[in-house]
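Here are a few notes to read alongside the model. I hope they help you find your way around.

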Amino acid sequence: MSAPGKDTAAHFSRQAEAYAASPGHANGQDLDIVAAFAQPGLHDLCLDIATGPGHTAFRIASKAMTVVAVDIAEGMLATGRRLAAERGITNVVFERADAAHLSFNDASFDLVTCRIAPHHFTDIPGFLSEVARVLKANGRFVLEDSLAPDDPQEAAFLHELEVRRDPTHVRSLQRDEWIAALQDAGLKVTRDMIFQKQHPFADWLARTGVEESAAAILVEELLAAPAALRNSCLVLGESGIEMMIDHKIILRADKLIN
């Protein structure tokens with residue numbers, strides 16, 4: 001995140017244990033895809049940006065030499081260190097860092113990852129510029145994030161929903177926006193896919209700490225939304241909304257040197 005306020009860091013510090021326990025962050029087919037796109041090697045020095053409690057860093061570390069895991073939230077870093085100690089993971093180092101202002105030297109890392117975080121960033125160009133700077137020649141960058149729909153009405157509705165559920169949400173980008181932004185940073189997209197991820201709706205609401213009264217209003221508005229929009233983002237059951245459908249984009253971009 002660029003110039004993150006204390007409120008943003010404090011918010012994620014408070015939610016660290018919720019993110020540590022979240023099945024959608026700790027596991028999932030999308031994490032498998034991120035690891036497959038990344039292709040970590042035994043001699044690779046890796047960087048995981050906005051690591052949260054370290055789920056992606058731990059996965060990459062199982063096949064890499066060392067992973068430096070960075071985040072702006074001290075609570076997330078503390079939780080990540082605890083999980084690493086509990087699991088006997090010794091090749092992940094946790095450090096505090098802003099995604100758009102990294103302290104590492106140029107061409108330091110073979111692989112950079114960032115999973116389910118950039119929609120919180122205020123400076124995407126600055127973030128991607130830093131990724132390109134710290135990557136070695138022919139290094140790999142793998143990104144996963146929430147994907148904005150192409151339909152303007154649906155995109156606006158979901159953006160408003162996210163902002164009210166989570167005050168740290170900034171904006172989700174569309175696929176073409178990501179590809180253009182990566183190209184502008186000097187990174188060439190070599191693989192990409194769209195992945196449909198489902199979250200238990202109650203957990204999705206609770207994870208950000210949204211107040212019960214505000215959550216009730218969000219549920220009412222979702223149920224009153226046009227049918228096409230409901231069908232694209234909700235799974236309904238007899239008791240109401242059971243699952244939230246979250247479309248993710250996963251991309252690999254390489255720092256190719258001519």
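1. The largest nonpolar core (buried Ala, Val, Leu, Ile, Met, Phe, Trp, Tyr and Cys residues joined through side-chain atoms within 4.5 Å) has 33 residues. L47, I49, V112, F127 and F141 have the most contacts inside it. Buried here means under 20% relative accessible area, with a 1.4 Å probe and protein chains only. Helix α7 gives the most to this core, six residues; β1 (45–49) and β8 (240–254) are among the elements that each supply at least two. Helices (H or I, at least four residues) and strands (E, at least two) are DSSP runs, numbered from the N terminus.

2. Please keep in mind that this is a predicted model, where local features need pLDDT of at least 70, side-chain atom pairs count only at pLDDT 80 or more, and totals for chains, interfaces and linings use all residues. Residues are numbered from 1 along each chain as its sequence is written, and side-chain values use heavy atoms, leaving out hydrogens and water.

3. Do look at V112: beyond residues up to four places away in sequence, V112 touches L47, I49, V131, V134, L135, R140, F141 and V142. Contact means heavy atoms within 4.5 Å.

4. Another core, of 21 residues, lies apart from the largest one and includes A57, F58, L111 and I250.

5. Is I124 buried or exposed? I124, found in helix α7 (residues 124–134), is buried, with a relative accessible area of 11%. Setting aside neighbours within four places in sequence, I124 is in contact with P118, L173 and W178.

How values were computed
Buried means under 20% relative accessible area, exposed over 50%, partly exposed in between (1.4 Å probe, protein chains only).
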